[in-house]
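This report describes selected local features of one protein model. The sequence and the structure are shown first, and the description follows.

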Amino acid sequence: MKPATSPRAWQRMLSGRRLDLLDPSPLDVEIADIAHGLARVARWNGQTRGDHAFSVAQHSLIVETIFTRSCKSSARDRQMALLHDAPEYVIGDMISPFKAVVGGGYKTVEKRLEAAVHLRFGLPPHPTADLKAKIKKADQVAAYFEATELAGFDPSEARQFFGQPRGITRDMLLLDPLPATEVERIFCARFEAIEAERKVEGA
């Protein structure tokens, strides 16, 4: 009789790291793995126009752009905006209606991963309530443009779910879906640029 074994709760990354999903360690988090994974996770369950999937990595770049344009912020805040969906490099992107059905278990894993990612890069485990609200607002603006430009929503329907964007226009945003390798490169470059800004600020 074979001995009982517990289910595998870790994922091996291309960097060679082995990330425990239930108890993630910051030491097993690498920005290259995050960028690679997010560039290959599709937003909107893949139901978007274009020759390529619209990735979470590209969405994250857009959210950081909107956040930076919308409010005075430190480099540390901008980095948290860029990484706001970082846990999805491990657990994938789940559309909001399904998150509501799944409930608390998903959120628990998501928050543990968020803390591990943040701590790996010298950030607070979680954003403050005020910062989280500002990032969420930028996320909603991004969702409006993604919904109307890529996901088949008409503007009135998108306004109902995501609100009416103010001060941000489509031409400010990188909305045309990019190949995974290209958006991965852009994501890493933006992360490194913000890292350099943090060093200047001493944050």
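Which residues does Gly92 touch, not counting residues up to four places away in sequence? The answer is Val41 and Tyr106. The model in which this contact is found is a predicted one.

## The loop between H4 and H5

Gly92 lies in the loop that joins helix H4 (88–91) to helix H5 (96–102), and Met94 is placed in that loop as well. Gly92 counts as buried because its relative accessibility is 18%, and buried means under 20%. Met94 likewise counts as buried, at 18% relative accessibility.

Each of these residues can be set against a partner far from it in sequence. Gly92 and Ala42 are separated by 50 residues in sequence, yet their C-alpha atoms are 8.4 Å apart. For Met94 and Asn45, the separation is 49 residues in sequence and 7.7 Å in space, C-alpha to C-alpha.

## The loop between H1 and H2

Asn45 belongs to the loop between H1 and H2, as does Trp44. Trp44 has a positive phi of about 60 degrees, although it is not a glycine. Asn45, also not a glycine, has a positive phi of about 55 degrees. Trp44 is buried, because its relative accessible area is 16% and the cut-off for buried is under 20%.

Ser55 is found in the loop between helix H1 (31–38) and H2. With a relative accessible area of 2%, Ser55 is buried. Leaving aside residues up to four places away in sequence, Ser55 touches Leu38, Ala39, Val41, Ala42, Arg43 and Val183. Val41 is thus among the residues in contact with Ser55, and Val41 is also touched by Gly92.

## Packing of H2 against H3

Helix H2 (residues 56–70) packs with helix H3 (residues 75–82) at an angle of about 145 degrees. The axes of H2 and H3 are 8 Å apart, and the crossing of the two helices is right-handed.

On the H2 side, the contact involves Ser60, Leu61, Val63, Glu64, Phe67 and Thr68; on the H3 side, it involves Asp77, Arg78, Ala81 and Leu82. Sorted by class, the residues of this contact are five nonpolar, two polar and three charged.

## The second largest pocket

The second largest pocket has a volume of about 270 Å³. Its lining consists of 16 residues, of which Ser70, Lys137, Ala138, Val141 and Arg166 are the closest to the centre. The elements that give two or more residues to this lining are H2 and helix H7 (129–149). H7 contributes the most, with six residues.

By class, the lining of the second largest pocket divides into nine nonpolar, four polar and three charged residues.

## The loop between H7 and H8

Is Asp154 buried, partly exposed or exposed? Asp154 is found in the loop between H7 and helix H8 (155–162), and it counts as partly exposed because its relative accessibility is 39%, where partly exposed lies between the limits of 20% and 50%.

Asp154 can also be placed relative to Asp77, one of the H3 residues that meet H2. The two aspartates are 77 residues apart in sequence and 32 Å apart in space, C-alpha to C-alpha.

Notes:
Residues are numbered from 1 along each chain as its sequence is written. This is a predicted model: local features need pLDDT of at least 70, side-chain atom pairs count only at pLDDT 80 or more; totals for chains, interfaces and linings use all residues. Side-chain values use heavy atoms; hydrogens and water are left out. Axes are lines fitted to C-alpha atoms, for helices over the stretch in contact, and angles run from 0 to 180 degrees between N-to-C directions. Helices (H or I, at least four residues) and strands (E, at least two) are DSSP runs, numbered from the N terminus. A crossing is left-handed if the near helix is turned anticlockwise from the far one by less than a right angle, and right-handed if clockwise. Contact means heavy atoms within 4.5 Å. Ala, Val, Leu, Ile, Met, Phe, Trp, Tyr, Cys and Pro count as nonpolar, Asp, Glu, Lys and Arg as charged, and the others, Gly among them, as polar. On a 1 Å grid over the protein atoms alone, a cavity is a set of points where a 1.4 Å probe fits but cannot get out, and a pocket is an open set with protein on both sides within 12 Å along at least five of seven lines; lining residues have an atom within 4 Å of a point. Grid points are joined across faces, edges and corners, and a volume is the space filled by probe spheres set on the points. Buried means under 20% relative accessible area, exposed over 50%, partly exposed in between (1.4 Å probe, protein chains only).
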